[in-house]
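Biologist: Please take me inside this protein for a close look at its interior. I would like to hear about any enclosed space, and then about the side chains and links around it.

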Amino acid sequence: MFYRLLSVVQRQRTSRGWQNWPSARSGASAAEAHSVALPAQAQVVICGGGIMGTSVAYHLSKMGWKDIVLLEQGRLAAGSTRFCAGIISTARHLGIEQKMADYSNKLYQQLEQETGIQTGVQIYDRTSVVHVMIKKGEVTGVETDKGQIECQYFVNCAGQWAYELGLSNEEPISIPLHACEHFYLLTRPLETPLQSNTPNIVDADGRIYIRNWQGGILSGGFEKTPKPIFTEGKNQLEIHNLQEDWDHFEPLLSSLLRRMPDLETLEIMKLVNCPETFTPDMRCIMGESPVVKGYFVLAGMNSAGLSFGGGAGRYLAEWMVHGYPSENVWELDLKRFGALQSSRTFLRHRVMEVMPLLYELKVPRWDFQTGRQLRTSPLYDRLDAQGARWMEKHGFERPKYFVPPDKDLLALEQSKTFYKPDWFDIVESEVKCCKEAVCVIDMSSFTKFEITSTGDQALESLQYLFSNDLDVPVGHIVHTGMLNEGGGYENDCSIARLNKRSFFMISPTDQQVHSWAWLKKHMQLDSNLLLEDVTWKYTALNLIGPRAVDVLSELSYAPITPDHFPSLFCKEMSVGYANGIRVMSMTHTGEPGFMLYIPIEYALHVYNEVMSVGQKYGIRNAGYYALRSLRIEKFFAFWGQDLNTLTTPLECGRESRVKFEKGLDFIGRDALLQQRQNGVYKRLAMFVLDDHDTDLDLWPWWGEPIYRNGLYAGKTTSSAYSYTLERHVCLGFVHNFSEDTGEEQVVTADFINRGEYEIDIAGQRFQAKARLYPVASLYTHKRRKEDVELSDLHGK
């Protein structure tokens, strides 16, 4: 199947006099390849002649780019693409992966009909890339074993060698992936040969797949004990030297025979051993490098290269041509990783966990077990000793909840369910404490930047980069978005003005690399303007609850009343014996309280003091599950979950955070003005489930379909149980699809309010009330759920 894609890219050889040019099928000799001279320059150089590299070349050509060179160190399509099992599946866990696979499937079926396409792509096999030449943070060319090519763009589609190729550059680029051996067997045809339309079989319990192969069987799988390979080097010959390992394959063979016992007498031709490349989070890698302009990556397909090839190549080509893809691909963006995920040991251990997970049932909020404790707060050991259970985000350990001493720890660790989880009561007590007393949440993982200048450069730059007005009095905090040209969120953050020339920016944890790259790309950094990542310098404690003011007052001996310390205000003060603590009157949840940004050397002291003084006020530790419940019931949208690069402030009710009337230009302003005039085509809403039984029914987690008046209208983006409302609450976008054409139409507040809504959870629909504002609690623990009424708050 992949040769169809390759053939379209190669088809122009005849028309350009390339009849005798070496190709993947010609078996051309090395001497013939060496006789072909490389061009001196090109617009784009692509490294890798497998399905990814050819797909990028094909789509770039279709989008109008002509000066494209594709380099392959061996023969075209002779790498892992040659060995692929040839299965295309559109059933995918992530929405973006499903779209890629669906596009690929349709593309492959139509490629045979595409004739006479002028691609202008030059393909050179048996040509190895030595390294990419970089000057002042931009791609300038490529050095190969046959000479240099000047270029503006380089695309790393080197598969299992993408990691090594990235490190070989003059400015190393981190591409975290690692190869494992992958086995499948081939049999001779059955007595009654299988037909080409024989369905593929996936036996997740047996960890195997089965498909027709020339009338016989091709069957492989993803064993529990994979074998990592290729820790270094870029030599394609290593692929062909992988040996059969029947002892290792035996569990998968046993699964095959249990599934199809009549195959026991079938003659096996060969056990194929080939490399498959995996990433730390089971999602492929694409996008532009955060450190080198013009360096793009498409690799790490996690054994789904054929399924993703067409769609992934298309999105990356769009990214290069237009500056952004047509879909939100953040979950696949190279910038979701940092250099910290590129340790060889980390990758080797993590892919040994990732590969078996392809056929595992992944319950909501499951966590990787390998590569942990990579980034920790100074309070990690202290919190761990107090019962913290941990989750990992961008390599950072964060507390989920705290297990009381009287709980069965083992049972909680083994809790795996789509229903009501065992931690329900624990999180309830943490939320209650946040509402009635005071809790501490370690939020050190949040990304923290400082932007300073000698004059007004910092303010001027940030005013252009952010949608809200940052020309505020010193000490004030502004919630704002960092938008792209389309008005979508590249980041959603809070910025405190420390003084006239200095700003402190707080962003989501996984925004560390992405935000840094975006700021550096758009800021004119020089000796007068400094951008510094200070994430590691500060431990952050979130002090939530009505008694937080009492705790802080005792520890600071300073007035903390609203008159002295208003909402969304920041000041440096002493807490206990520690000085220079940045205290902010905000909590990221809508509850009263403070954020304390503490220099790490003072972290343990301040925490101990807070817990000691707070005893009289009922203080306790809390985790991110409590935070999630609090923020969702207050209709607080988070970037990466509810907001993304295709979501604008007008679509999520944040027009008040846009400085339309200030007369100041900022990135995305024109797009937002146009959208304000034309109307929005989706709107974030809050859904409160009415007839859902928390104890008996499957829970909503995220991604559930939303139905309006019986018709599909969107999907949820996040959800949590609200212990205040005693109901599940979901956030999600409502669309207005035309019943006749399916086209999107304008969504108004009236359209939202007039609808009758249902949330589909695993095929069962539950009634829900849609709100554009947070819901006031009229619940008490003694009232029956049937007697509950909901009312809207006026404003947020």
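Modeller: Happy to, and one convention comes first: Ala, Val, Leu, Ile, Met, Phe, Trp, Tyr, Cys and Pro count as nonpolar, Asp, Glu, Lys and Arg as charged, and the remaining residues, Gly included, as polar. Please also keep in mind that this is a predicted model.

With that in hand, we can go to the enclosed space. Searching the whole structure turns up three cavities of 30 Å³ or more. The largest cavity has a volume of about 90 Å³. Its lining is made of 14 residues, and those closest to the centre are Arg-365, Trp-423, Trp-699, Ala-720 and Tyr-721. Sorted by class, the lining comprises nine nonpolar, three polar and two charged residues. Helix α19 and strand β31 (711-722) each contribute at least two residues to this lining, and these two elements are good guides to what follows.

Let us take β31 first. Ser-718 sits in this strand. With a relative accessible area of 0%, Ser-718 falls under the 20% cut-off and is therefore buried. Its side chain makes a polar contact of 2.7 Å with the side chain of Asp-642. Leaving out residues up to four places away in sequence, Ser-718 touches a long list of partners, including Arg-628, Arg-631, Ile-632, Trp-701, Trp-702 and Cys-730.

Now for α19. Lys-435 and Glu-633 form a salt bridge, with their closest N and O atoms 2.7 Å apart. This pair joins distant parts of the chain, since Lys-435 belongs to helix α14 (residues 424-436) and Glu-633 to helix α19 (residues 624-633), 198 residues away. The two ends differ in exposure: Lys-435 is partly exposed at a relative accessible area of 28%, whereas Glu-633 is buried at 4%. The bridge also belongs to a network of salt bridges that links Lys-435, Glu-591, Glu-633 and Lys-634.

The loop that follows α19 has links of its own. Lys-662 and Asp-469 meet through their side chains in a salt bridge, at 3.5 Å from N to O. Lys-662 is in the loop between α19 and α20 (669-678), while Asp-469 is in the loop between α15 (457-465) and β20 (477-483), so this pair ties together parts 193 residues apart in sequence. Asp-469 is buried, at 15% relative accessible area. A further salt bridge runs from Lys-682 to Glu-651, where the closest N and O atoms are 4.0 Å apart. Here Lys-682 lies in strand β29 (residues 682-689) and Glu-651 in the loop between α19 and α20, so the parts brought together are 31 residues apart in sequence. Both ends count as buried, Lys-682 at 15% relative accessibility and Glu-651 at 7%. Across the structure there are 35 salt bridges.

Elsewhere in the interior, Ser-507 is part of strand β22 (residues 502-507). Ser-507 is buried, with a relative accessible area of 2%, and its side chain is joined to that of Asn-491 by a polar contact of 2.9 Å. Beyond its neighbours within four places in sequence, Ser-507 is in contact with Phe-446, Thr-447, Asn-491, Cys-493 and Ser-515. Ser-515 is itself one of the buried residues of helix α16 (residues 512-522), alongside others such as Val-513, His-514, Trp-518 and Leu-519. The buried residues of α16 pack against β19 (447-453), α15, β20, β21 (489-499), β22 and β23 (529-533).

One glycine deserves a stop as well. Gly-614 lies in helix α18 (residues 603-614) and is buried, with a relative accessible area of 0%. Apart from residues up to four places away in sequence, Gly-614 touches Val-551 and Ile-619. Gly-614 and Ala-437 are 177 residues apart in sequence, and their C-alpha atoms are 9.3 Å apart in space.

Finally, the wider setting. The chain has 21 helices and 37 strands, and buried residues make up 57% of its 796 residues. Among contacts with a separation of 6 or more, 70% are between residues 24 or more positions apart.

How values were computed
Residues are numbered from 1 along each chain as its sequence is written. This is a predicted model: local features need pLDDT of at least 70, side-chain atom pairs count only at pLDDT 80 or more; totals for chains, interfaces and linings use all residues. Side-chain values use heavy atoms; hydrogens and water are left out. Helices (H or I, at least four residues) and strands (E, at least two) are DSSP runs, numbered from the N terminus. Buried means under 20% relative accessible area, exposed over 50%, partly exposed in between (1.4 Å probe, protein chains only). On a 1 Å grid over the protein atoms alone, a cavity is a set of points where a 1.4 Å probe fits but cannot get out, and a pocket is an open set with protein on both sides within 12 Å along at least five of seven lines; lining residues have an atom within 4 Å of a point. Grid points are joined across faces, edges and corners, and a volume is the space filled by probe spheres set on the points. A polar contact is a pair of N or O atoms within 3.5 Å; within protein, one must be able to donate a hydrogen and the other to accept it, and residues adjacent in sequence count only if both atoms are side-chain atoms. Contact means heavy atoms within 4.5 Å.
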